[in-house]
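Subject: Structure handover, backbone notes

Hello,

The structure is pasted below, followed by some notes on its backbone. Please read them alongside the coordinates.

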Amino acid sequence: MHGEYKVPGGKLVVVDLDVEGGALRNVRVAGDFFLEPDEAILAIDAALEGAPANTDTAGLAARIDAALPASTVMLGLTSEGVAVAVRRALAHASEWSDYDWQLIHEAPQSPALHMALDEVITAEVAAGRRPPTLRVWEWASPAVIIGSFQSLRNEVDPAGAERHGITVVRRISGGGAMFVEPGNTITYSLSVPDSLVSGLSFADSYAYLDDWVLGALGDMGIKAWYQPLNDIATDAGKIAGAAQKRVVGGEGAVLHHVTMSYDIDADKMLEVLRIGKEKLSDKGTKSAKKRVDPLRRQTGLAREAVIERMIDSFRNRHGLTQGKVTDEEMAQAEELVRTKFGTEEWTARVP
């Protein structure tokens, strides 16, 4: 069995192993990390040898920690990262390179249609009728997108939304409200087979699926990192928030979508969103305006240039061919707008 895992902010860990009699055998750990002293790698292999195959990530990491020499120094590597690679090997997880990735980047569409397309495209990936897909959104109008479980009245000021012509929609994933204006926002979705995140905890899957965009931002001179559970942050502040939804059916799939602030009208946002003191204190700031530091200021690039560089970065890492929403997918999405995402019943399902 073979498992790979790139430690968030670190290096690639590769594990090869067998399972015999319900235990790990012939364990070999490798990768492009740095590790001192040399014999520490043998200690890691020995710690995992004979471990019950049903040992969870924490248990495997504990075995490694207990076996390492006191002088061990790990760079780009963690005991938990090795344990995750083991769990991915046991789960027969797939890798980015196993797939022919498709890009969808089309004309601006309504907020409700974007919600529907996320559901349809991810269901198509789960069913095996569509390859794993990166979809870059273009917005036809400003919107507030609330999480699946958020209270509409607690998150949105209806008078402010009406005054500024803001459409309110509810997505299928959890998480918090996002304030979106067409020229100020960069949004993308990854619709991936469930096997790509096999062996990862829910939290680890966020970091794993965000890793490519951290690299893309680094290529633009922005030092960014994954901040649990679902933010992408820099020294200057948050620049993006992610959300996920597991889709059942077929082989299963994961929807991972991210909204990034290219620019922001903070005053307008505060007139539309009801951002409570509790949420602000949890983020370690007293002002909602200071929570987000837009990409425009940090890169000095036009929004279109940032998107182009992000797409190029993904293509260079994993390959990417141009695709489109099929007629059948669009018909399904439009029907979902009519029956679900465009209805008051769905939007106010948590009043």
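Pro37 sits in the loop that runs between strand 4 (34–36) and helix 1 (40–48). The peptide bond joining Glu36 to Pro37 is cis, with omega about -5°. Helices and strands here are DSSP runs, numbered from the N terminus: H or I over at least four residues for a helix, E over at least two for a strand.

On the method: this is a predicted model, in which local features need pLDDT of at least 70 and side-chain atom pairs count only at pLDDT 80 or more, while totals for chains, interfaces and linings use all residues. Residues are numbered from 1 along each chain as its sequence is written, and side-chain values use heavy atoms, with hydrogens and water left out.

Another cis peptide bond joins Pro228 and Leu229, where omega is about 0°. Leu229 belongs to the loop between strand 12 (225–227) and strand 13 (231–234).

Next, the phi angles. Asn26 is not a glycine, yet its phi is positive, at about 55°. This residue lies within strand 3 (residues 23–31). Asn26 has a relative accessible area of 40%, so it is partly exposed (buried is under 20% relative accessible area, exposed over 50%, partly exposed in between; 1.4 Å probe, protein chains only).

His92, also not a glycine, has a positive phi of about 55°. His92 is placed in the loop between helix 3 (79–90) and strand 6 (102–105). Its relative accessibility is 59%, and therefore His92 counts as exposed.

Regards
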